Amino acid sequence: MRGVKRKLNVLNVKQKLEILQKLDKGESASTVAEDVLNERNTISHSAALQSVETLLDYMGQRGFDYGDITAVRKRCVDIRQEMNKQ
């Protein structure tokens, strides 16, 4: 992929706030992470990975359930594997 430029799409502040609000309302972290990945087809793998890692930091600070954190970590692994295929 050398020489190929990819457009990096990151989540804006409003989208990040919506994610945090969903978590505060009790939505499953794995569901929220999957929604982030599926919401926009244009989001790059690296942007998705960054967003999920930010989500993990948030979850750790808020003391989320270990199972939810594990589910989100699995999403990170999935993203990294997809990145390695490309």
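In the predicted model, helices α3 and α4 run roughly antiparallel to each other, because an angle over 145 degrees is counted as such and the two axes cross at roughly 160°. The axes come within 10 Å, and the crossing is left-handed. Two packed helices are described by the angle between their axes and the distance between the axes.

The contact between the two helices involves residues spread along each of them. From α3, the participants are H45, S46, A48, L49, V52, E53, L55, L56 and M59. Their counterparts in α4 are D68, I69, V72, R73, C76, I79, R80, E82 and M83.

Helix α3 itself comprises the 18 residues 45-62. At 1.5 Å a residue, this helix should span 26 Å, and the end C-alpha atoms are indeed 26 Å apart, so the expected and modelled spans agree. Immediately after α3, G63 adopts a positive phi of about 70°. The buried residues of α3 are A47, A48, L49, S51, V52, L55, L56, Y58 and M59. An α-helix has 3.6 residues a turn, so residues three or four places apart point the same way.

In soluble globular proteins, nonpolar side chains tend to be buried together. The largest nonpolar core of the model contains 18 residues, and I19, L23, L55, M59 and V72 have the most contacts inside it. The elements contributing two or more residues to this core are α1, α2 (29-39), α3 and α4 (66-85). Of these, α3 gives the most, with seven residues. The contacts of L55 illustrate the arrangement: with residues up to four places away in sequence set aside, L55 touches I19, L23, A29, A33 and V72.

A further set of contacts is centred on S51, which lies in helix α3. The relative accessible area of S51 is 15%, and this residue is therefore classed as buried, the limit being under 20%. When residues up to four places away in sequence are not counted, S51 touches L11 and V36. L11 belongs to the segment before α1 (13-24). With a relative accessible area of 8%, L11 is likewise buried. The two partners of S51, L11 and V36, are separated by 25 residues in sequence, whereas their C-alpha atoms are 9.0 Å apart in space.

Notes. Residues numbered from 1 in each chain as written. Predicted model: local features only at pLDDT ≥ 70, side-chain atom pairs only at ≥ 80, totals over all residues. Heavy atoms only, no water. Helix = DSSP H or I, 4+ residues; strand = E, 2+ residues; numbered from the N terminus. Expected span 1.5 Å × (residues − 1). Buried < 20%, exposed > 50% of the residue type's maximum accessible area, 1.4 Å probe, protein only. Core = buried A, V, L, I, M, F, W, Y, C linked by side-chain atoms within 4.5 Å. Contact = heavy atoms within 4.5 Å. Axes fitted to C-alpha atoms, helices over the stretch in contact; angles between N-to-C directions. Parallel < 35°, antiparallel > 145°, perpendicular 65-115°, else oblique. Left-handed = near helix turned anticlockwise from the far one by under 90°.
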